[in-house]
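Me: I have a structure in front of me and would like to learn how to read it. Could you walk me through it, feature by feature?

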Amino acid sequence: MPNALAVRNLAKRYGSVQALRGVDLDVGEGELVGLLGPNGAGKSTLVKIAVGLVRPTSGSAEIAGARAGSRAARSRLGYLAELFRFPGWTSADEVLELHQRLAGSRGGAAERARLLELVALSDAAGRRVDGMSKGMQQRLGLAQALVGDPRVLMLDEPTSALDPVGRRTVRLLLEELRGRGVSVLLNSHLLSEVELVCDRVVILLGGEVVAAGTPLELSRPRGVELETDAGTTRTDGATREDAPRLVAEAVAAGRRVYGVRVLTSTLEDVYLEAVGGETS
Amino acid sequence: MIAVWTIVEYGFREAVRRKMFAVVIVLTVAFLFLFWLANHYVFRDLSTISPPADVHVDTRTFAGAFLVGLSMFATLFLGVVLAVFLTLGVVSGDAERGLLQPLVARPIGRSTLLVARFLGAAGVCVAYVLVVYFAGVLITGLTGHWYPDQVVWPGLELAGGVLVVIALSLLGSVVLSSTANGIAVFMLFGAGLVAGLLGSIGHALNSHTIKHASTIASWALPFEALYQDGLRMITEHASGLTGFLLQLGPFGGAYVHGWGIRVWAVAYVLIVGALALVSFARKDV
Ligand SMILES: Nc1ncnc2c1ncn2[C@@H]1O[C@H](COP(=O)(O)OP(=O)(O)O)[C@@H](O)[C@H]1O
Ligand SMILES: [Mg+2]
């Protein structure tokens, strides 16, 4: 079975701006991959190429084996754009109906009601978009992306306008989708969110992949810290396996040990190291 | 096919639900009322207008043609305003506002999307132009008992003129921002009108250069030529001095006319449309 998304040596130049410089990235079937990186790293550009909004300068992107942008590729996708809007004169239900028709979904009113419920907008089905808060519009956008039960989802900063409760809703939703075997590429700058739900993380900087792996692989050991009567000492490079020996050595040297801590880097540390302190 | 109809319908609903539509309707009603007032006074006073005894001018035809010509100009103008407002931001404008991306990501192709947007705007504008045109003809007919020599064709040509403007505005919406596109289309529209007036003057003065320039403009901007051809047909059968005077006026005359310009207008819409499709296919949104 081909990968849900396969990106090979992808490059994109907008005039004088080189947004992507040879990116390789895969989202396996049923996998949830987080794409991280500071503003301007090229995350949205990568997603836009995958959904066919932007044409790559070189390299390739395929959705389940079909060239990105082709009709076959688009018919498998659900997409939530980073900056999007639905027409102010439509209601939530009409937005979903329009997209059902465009996606060829036969789900009807039942699907629309289910999706609105999923994003906690059941009460707003008849509400016009121009009377909705930004957060409600983003949740409607998420429901729109799920129309027709797509096997592949591209979500570009789906929680940027949401409050903590809304974010939690999205996180639970992502977990449910993973349970159903949907493949997801999630652009986000919320590290905790990505750490909690993603199978794999790819960090992009200046149009290049600078780190990739599971959250566990990325969080490397950073040493062991001992708290003794002589103060706190840190042994860089030591791992959990070294902890008993380090304690024994300290005791043998006549120290009184009050505490021992194994240090591992969080995704945040990895991220900050990878992007070299560039602000997001 | 379902996708085409979905987008056409989307265009209809967008047209009708935006505030702009209400403004156009109010303006149209105001125009038709004023137009009725003008007809009322012109035809009431018609008997008191007496040309010099030795000049044979059919004052009723003259007044009727002038008034219908006036209403045709207003219809074209209002139709173009509507067409431009419906289409000026269909691609770049909607992409900037984020309205376009969710649609383009769907399986419907970009070409289908743009063609459907054309059909949607065309449906609204053609219906609008025909209603206003026939209302104008009816007002003059009922108040002044004068009907154009050709009733149907001028209306169709006005509608055709607006279709040409829709095609230009859609092409502009792909390559220009909304504001730039709105300005560009109205400048082209103004240029067309000026060229038409210039043509009338050129023929009156029998200036070869002016006639030549006006002919080129008519082919380059066929909405103007269609409108002029429509004007020509409302007094197709007027002859003698009446005909001559009508040709001179600002609402008279057409020097590029008939099937040549009609066929060219269709080809023109297809060429402009093809350019729009090609540029849209290559565009990053
Ligand atoms: N349509 C565009 N035209 C010109 N430059 C663009 C365009 N879109 C993005 N860029 C540039 O490409 C780079 C990557 O942008 P983007 O993919 O939006 O990054 P991210 O989503 O990671 O913030 C940025 O420098 C941005 O300014
Ligand atoms: Mg982005």
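Reply: Happy to; we will go from the overall picture to salt bridges, ligands and single residues. Please keep in mind that this is a predicted model.

Me: Let's begin with the overall picture. How many helices and strands does chain A have?

Reply: Chain A has ten helices and 13 strands. Along its principal axes, the C-alpha trace of this chain spans about 75 × 45 × 35 Å. Of the 280 residues in chain A, 49% are buried.

Me: Next, salt bridges. What is the general idea, and how many are there over all chains?

Reply: Side chains of opposite charge can pair when their charged atoms come close. Here the count over all chains is 26 salt bridges. A good one to look up is the pair Arg17(B) and Glu94(A), whose closest N and O atoms are 2.7 Å apart. Arg17(B) sits in helix H1 of chain B, residues 2-17, while Glu94(A) belongs to helix H3 of chain A, residues 92-103, so this pair joins two chains. Arg17(B) is partly exposed, at 33% relative accessibility.

Me: Which residue forms a salt bridge with Arg101(A)?

Reply: That is Glu9(B), with 3.1 Å between the closest N and O atoms. This pair joins two chains, because Arg101(A) lies in helix H3 of chain A and Glu9(B) in helix H1 of chain B. Both ends are partly exposed: Arg101(A) has a relative accessibility of 26%, and Glu9(B) has 24%.

Me: Which residues are linked with these in a network of salt bridges?

Reply: The network links Glu94(A), Arg101(A), Glu9(B), Arg13(B) and Arg17(B). Try showing these five side chains together in your viewer.

Me: What does the salt bridge between Arg180(A) and Asp149(A) tie together?

Reply: Their side chains meet at 3.7 Å, N to O. Arg180(A) is in the loop between helix H6 (164-179) and strand E8 (183-187), and Asp149(A) is in the loop between helix H5 (134-145) and strand E7 (152-156), so the bridge ties together parts of chain A that are 31 residues apart in sequence. Arg180(A) is partly exposed, with a relative accessible area of 38%. Asp149(A) is partly exposed as well, at 43% relative accessibility.

Me: Now the ligands. Which residues surround ligand 1?

Reply: To read a binding site, start with the residues around the ligand and then look at single contacts. The shell around ligand 1 includes Tyr14(A), Val17(A), Pro38(A), Asn39(A) and Thr45(A). By class, the shell holds five nonpolar, five polar and one charged residues. Strand E2 (17-27) and helix H1 (43-51) of chain A each supply at least two of its residues. H1(A) gives the most, with three residues.

Me: Which backbone atoms should I look at for contacts with ligand 1?

Reply: Start at Gly40(A), where a backbone N or O atom lies 2.7 Å from an oxygen atom of the ligand. For Ala41(A), a backbone N or O atom is 3.2 Å from a ligand oxygen. A polar backbone atom of Lys43(A) lies 2.9 Å from an oxygen atom of ligand 1. On its own, ligand 1 has 560 Å² of accessible area, and the protein covers 62% of that.

Me: Which protein donors does the magnesium ion have?

Reply: For a metal, look for the atoms that reach it. The magnesium ion, ligand 2, has as its protein donors Ser44(A), through OG, and Glu82(A), through OE, at 2.1 to 2.4 Å. Ser44(A) lies in helix H1 of chain A and Glu82(A) in the loop between strand E6 (77-80) and H3, so the pair ties together parts that are 38 residues apart in sequence. Ser44(A) is buried, with a relative accessible area of 18%, whereas Glu82(A) is partly exposed at 32%.

Me: One last kind of reading: single residues. Is Glu31(A) buried or exposed?

Reply: Glu31(A) counts as buried because its relative accessibility is 18%, under the 20% cut-off. Glu31(A) is found in the loop between E2 and strand E3 (32-36) of chain A. Its side chain makes a polar contact of 2.7 Å with the side chain of Arg200(A).

Me: And where is Val260(A)?

Reply: Val260(A) is in strand E13 of chain A, residues 257-264. Val260(A) is partly exposed, at 42% relative accessible area. Its C-alpha atom is 9.2 Å from that of Leu246(A), a residue 14 positions away along the chain.

Methods: Residues numbered from 1 in each chain as written. Chains lettered and ligands numbered in written order. Predicted model: local features only at pLDDT ≥ 70, side-chain atom pairs only at ≥ 80, totals over all residues. Heavy atoms only, no water. Salt bridge = Lys/Arg side-chain N within 4 Å of Asp/Glu carboxyl O. Helix = DSSP H or I, 4+ residues; strand = E, 2+ residues; numbered from the N terminus. Buried < 20%, exposed > 50% of the residue type's maximum accessible area, 1.4 Å probe, protein only. Near = heavy atom within 4 Å. Polar contact = N/O pair within 3.5 Å; in protein donor to acceptor, adjacent residues only side chain to side chain. Areas by Shrake-Rupley, 256 points an atom, 1.4 Å probe, with all protein chains shown as cover. Nonpolar A, V, L, I, M, F, W, Y, C, P; charged D, E, K, R; others polar. Donors = N, O, S within 2.8 Å, 3.2 Å for Na, K, Ca; no water.
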